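User: I'd like to learn how to read a few features of a model, starting with the backbone and then moving on to a chain contact. Could you walk me through it?

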Amino acid sequence: MSMLSPVRSAAVPRLLALGRAEMLLLGRNRTALLTSVAFPAIALAMLATSGMFSPDDAAASAQLMAGTIGMTLLFVVYTTLVAAYVGRREGLVLKRLRVGELHDGEILLGTALPALAITVVQILILAGVGLVFLDVVPPKNPVLLLAGLVLGMVITGALAACSSAFTSTVETAQVTVLPFILLSVGGAGMFVPLSELPDPVAEICAFLPFTPVMETVRSGWAGTGEGGTQEAVRQVGMSAVWAVVSVWGARRWFRWEPRR
Amino acid sequence: METTSKGPGGDGPWAITADGVRRTYSSGEGGGFEAVRGVGLRVGRGEMFALLGTNGAGKTSLVELLEGLARPSAGTIKVLGHDPYAERTVVRPRIGVLLQSGGFPGDLTVAETARTWAGATTGARPPGEVLELLGLGGRLDVRVKQLSGGEARRLDLAIALLGRPEVLFLDEPTTGMDPEGRRDTWRLVKQLQEEGTTVLLTTHYLEEAEALADRLAIIHEGRAIASGTPAEVIADHPSRIRFSLADGPVDLPHLGAGTRAKWTGRLCTVRTAHLQPALYALLSWAEERGAELEGLDARAASLEEVFLGLSESTTDDVAMEVAS
């Protein structure tokens with residue numbers, strides 16, 4: 001037995017150790033790899049070639065980038081994390097991690113690190129592609145954009161943890177992710193601005209979890225438009241509320257072990 | 001009470017204490033299942049303690065509480081003087097845990113798994129060193145999903161030992177191992193104990209409990225129905241005589257004080273604290289009656305007998321008890 005007390009392990013090295021392992025696993029998971037690498041680029045391509053985009057137009061640029069960022073968050077963060085959390089849970093990996101020194105939050109975050117890192121890299125790459133090749137107008141309010149992005153990552157990550165609680169196997173994850181994805185694609189203003197939806201629908205959609213994030217991202221890119229700063233603050237506030245709610249839901253519902 | 005402890009901070013003589021521990025799994029339909037029903041135990045520092053029981057007896061449910069994976073529904077638990085669930089940050093760096101099964105992603109290699117865990121463990125030994133110790137030095141680049149059952153179990157154990165734990169929890173450590181692997185593991189665990197590690201293991205293998213444990217407790221249906229050193233446990237429990245009669249159950253004569261007989265069809269099982277007189281009485285009676293005792297089998301008390309007897313006593317059989 002050593003005479004000296006060993007140095008207590010610290011959070012960041014623990015997180016990185018787990019994150020590194022998860023990155024290796026992502027690399028060996030063909031489906032997740034394909035989704036993470038291909039989808040965002042496909043989204044950008046589809047949006048750019050749809051009739052709606054015109055170069056050098058601030059509003060159109062914002063729509064294009066919001067849609068791309070939204071797709072990236074939905075498919076690289078949300079979808080892959082639901083499958084990852086379910087897979088780790090069913091494989092008893094989460095349970096094993098929980099008897100170690102990692103805190104619960106560190107386990108969830110560490111598992112999500114590769115997805116989050118890839119998301120950031122993808123968005124940077126695609127923004128670069130947009131700026132250089134598609135004559136996308138540069139973002140007017142990078143701080144707002146960043147806020148939207150961070151809140152978007154928190155919400156999609158936490159909702160992935162929630163969804164995993166209601167998913168029994170990795171296979172059924174393909175089904176359980178659909179509601180949130182369809183809802184967000186249809187109603188969050190990713191492809192069609194909310195202003196162009198009929199009024200009652202638009203009002204409801206404004207309260208969906210993903211909509212405030214998309215609005216924040218769009219405002220960050222195009223600059224605060226008609227509503228001005230006040231509207232932007234309101235959207236950020238709603239995003240923050242959704243972030244808190246989704247994290248609360250994750251803590252409440254997340255299952256660490258398969259059902260007996 | 002013993003005086004000093006080996007660890008820092010004077011946690012007392014006990015490495016693990018449990019009192020009145022209960023664990024209920026709640027199910028959605030409103031009926032909870034109580035897996036652990038008021039268990040108490042004490043494990044001293046440097047001791048090897050075994051929880052012996054059949055599958056489903058509640059050993060894993062209990063040991064998970066001791067490891068701090070969940071909070072007990074009732075009762076208190078202390079590991080090295082602290083609550084293993086509420087004070088995880090204090091306790092975890094000092095314990096090592098081997099779960100009943102798995103918990104390592106199949107697509108990582110042995111080396112990658114060990115390196116990941118070393119990065120997340122206080123005072124970790126070099127991963128290569130621990131893997132060598134468990135005989136996995138030649139399998140470093142093999143993916144976990146391709147390991148044999150015994151190799152996977154050895155990896156589990158290697159990871160549990162990474163942090164040089166003071167207390168080691170082993171849930172069914174030799175499941176899936178061949179006899180040689182089992183003996184190697186026993187040797188390793190004994191060596192760890194000699195170096196001062198406290199070990200609490202669960203097993204359904206009698207030989208394992210007998211070979212390793214300083215003290216043990218037999219767990220059945222969520223309760224500790226016997227505990228103490230193997231000798232103490234055996235001393236408290238009866239020997240057994242078994243035979244079959246072609247004519248089926250008959251009234252047996254008085255076979256001695258504290259004797260119980262139970263019939264299952266034509267098979268009779270007699271439990272007695274005094275084997276020799278009871279056997280003599282039985283044989284005399286059989287001789288007188290000209291009865292043939294088919295498959296006559298008499299066994300002095302052993303851990304196996306205690307284990308089987310205690311497990312039997314709560315099952316439903318056609319019973320004809322002859323008490324005295």
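Analyst: Happy to! Let's start with a loop: Leu92(A) sits between α3 (58-90) and α4 (93-98) of chain A. Keep in mind that this is a predicted model.

User: What is the phi of Leu92(A), roughly?

Analyst: Phi is a backbone angle, and its sign is what to look at here. Leu92(A) is not a glycine, yet its phi is positive, about 65 degrees. Chain B has a case too: Glu172(B), also not a glycine, has a positive phi near 55 degrees. Glu172(B) lies in the loop between β6 (167-171) and α6 (179-194) of chain B.

User: Is Glu172(B) buried or exposed?

Analyst: Compare the relative accessibility with the cut-off: buried means under 20%. Glu172(B) is at 4%, so it counts as buried.

User: Now the interface. How many residues does the contact take from each chain?

Analyst: Begin with the residue counts, then turn to the area. Chain B gives 35 residues and chain A gives 27 residues. Together they bury about 2,800 Å², with 60% of that on carbon and sulfur atoms. Of the area chain B buries against chain A, 19% comes from Leu69(B), Trp117(B) and Thr122(B), more than from any other three residues.

User: How many salt bridges are there across the interface of chain B and chain A?

Analyst: The rule finds three salt bridges there. In a salt bridge of 3.4 Å, N to O, the side chain of Arg88(B) meets that of Asp104(A). On the side of chain B that touches chain A, α3(B) supplies the largest share, four residues. By class, that side has 13 nonpolar, 12 polar and 10 charged residues.

Methods
Residues numbered from 1 in each chain as written. Chains lettered and ligands numbered in written order. Predicted model: local features only at pLDDT ≥ 70, side-chain atom pairs only at ≥ 80, totals over all residues. Heavy atoms only, no water. Contact = heavy atoms within 4.5 Å. Buried area = accessible area lost by both parts, 1.4 Å probe. Salt bridge = Lys/Arg side-chain N within 4 Å of Asp/Glu carboxyl O. Helix = DSSP H or I, 4+ residues; strand = E, 2+ residues; numbered from the N terminus. Nonpolar A, V, L, I, M, F, W, Y, C, P; charged D, E, K, R; others polar. Buried < 20%, exposed > 50% of the residue type's maximum accessible area, 1.4 Å probe, protein only.
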